[in-house]
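Q: I'm new to this structure and would like to start small. Could you pick a single part, look at it closely, and then show me how it fits in with the rest?

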Amino acid sequence: LAAAAHHQVAVLEIVDRAHGEIEEAEAHLFGQTESASKIVALGFLRTLGAHLVPQLLRQFKEQFPKVNFSFSQNNTTRIEEQLEKGDLDLILTAVPPHKPSLAWKRIADQKLVLIAKRTHSLASKKLVRLRDLSSEPFVTFKPGHVVRTLTDQLCSSAGFAPIISFEGDDSSSIPGFVAAGFGIAIVPRDSNLPPGVVVLPTARPLMRRQIGLAGVEERFM
């Protein structure tokens, strides 16, 4: 009995020592993790980079100052591909991903508005209706961009197909070409607009597009 009791005590000492070593290792790793800076690779549409993304990240950083970000701006298809490959941790898009492996959660709405050159005849009107713009040239994105799709849908619902004078990829170039007199455009309300461009008065915002955060389902972060 004495030998058995001695053996039991020895086993308990070994287990207790092992637990202590595990706790010490966890504390060491946890301490390193807490003190280290975390970097999240975030992808987003170019049209979200002017205001929405900086505002969201400012609010986030106030709560989690040790988390830092690296950024990638591109179209929806490209940032979805980067997310799936693991080059990005999270992406902000205007439409839910078409791939079942990606989870998407709506976090904000973004208004779309109509803009024109400040000296355009439409700028003096108290109210502008889409159905009256069938003869106006439009500056817009190339096919495949979300804003281009929405522009086509809005014009179609007003009874016409838009006359396209310029197609671009860069969200900053669209207002620039409007300011240069190439036509009118439908853009997100929080786009960076040059001084020569005005938002035209409409009865209500043309449309709200949903903005959501997407990640790979079941991927550990």
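A: What follows is a close look at one helix, and then at its surroundings.

First, some ground rules: residues are numbered from 1 along each chain as its sequence is written. This is a predicted model, so local features need pLDDT of at least 70 and side-chain atom pairs count only at pLDDT 80 or more, while totals for chains, interfaces and linings use all residues; side-chain values use heavy atoms, with hydrogens and water left out.

Now for the big picture. The protein has 5 helices and 9 strands (helices are DSSP runs of H or I with at least four residues, strands are runs of E with at least two, and both are numbered from the N terminus). Going along the sequence, they come in the pattern α-β-α-β-α-β-β-β-α-β-α-β-β-β. Of the protein's 221 residues, 33% count as buried (buried is under 20% relative accessible area, exposed is over 50%, and partly exposed is in between, with a 1.4 Å probe and protein chains only).

Let's zoom in on helix 4, which covers residues 146–157. With 12 residues at 1.5 Å each, helix 4 should span 16 Å, and its end C-alpha atoms sit 17 Å apart, which agrees (the expected span is 1.5 Å times one less than the number of residues). Just past the end of helix 4 you'll find Gly159, with a positive phi of about 100°.

Which residues of helix 4 are buried? They are Val146, Val147, Arg148, Leu150, Thr151, Leu154 and Cys155. The buried residues of helix 4 pack against helix 3, strand 4, strand 5 (137–141), strand 6 (163–168), strand 7 (185–188) and strand 9.

Arg148 deserves a pause: this charged-pair partner is buried, at 9% relative accessible area. The side chain of Arg148 meets that of Asp152 in a salt bridge, 3.2 Å from N to O (a salt bridge is a side-chain nitrogen of Lys or Arg within 4 Å of a carboxyl oxygen of Asp or Glu). Arg148 and Asp152 are 4 residues apart in helix 4, so about one helical turn separates them. Asp152 counts as partly exposed, at 29% relative accessibility. Add Glu167, and Arg148, Asp152 and Glu167 make up a linked network of salt bridges.

By that rule there are 9 salt bridges. Another one is between Lys99 and Glu84, at 2.9 Å from N to O. Lys99 lies in the loop between strand 3 and strand 4, while Glu84 belongs to helix 3, so this pair ties together parts that are 15 residues apart in sequence. Lys99 is partly exposed at 26%, and so is Glu84 at 35%. Then there's Arg106 with Asp109, whose closest N and O atoms are 2.6 Å apart.

Next, the nonpolar side of things. In soluble globular proteins, nonpolar side chains tend to be buried together. A nonpolar core here is a set of buried Ala, Val, Leu, Ile, Met, Phe, Trp, Tyr and Cys residues joined through side-chain atoms within 4.5 Å. The largest one has 36 residues, and the members touching the most others are Leu48, Leu114, Leu133, Phe138 and Ile186. Helix 4 is among the elements that give this core two or more residues, along with strand 1 (38–44), helix 2 (52–63), helix 3 (76–85), strand 3 (90–93), strand 4 (102–117) and strand 9 (207–216). Strand 4 gives the most to this core, with 5 residues. Apart from it lies another core of 10 residues, including Val113, Ile115, Phe141 and, back in our helix, Val147.

For a feel of the packing, take Leu133: leaving aside neighbours within four places in sequence, Leu133 is in contact with Leu114, Leu122, Val128, Phe138, Phe160 and Ile184 (contact means heavy atoms within 4.5 Å). Across the protein, among contacts between residues at least 6 apart in sequence, 78% join residues at least 24 apart.

One last stop: Phe44, Phe60, Phe64, Phe69 and Phe71 form one aromatic cluster.

How values were computed:
Phe/Tyr/Trp six-rings, centres within 6.5 Å; stacked < 30°, edge-to-face > 60°.
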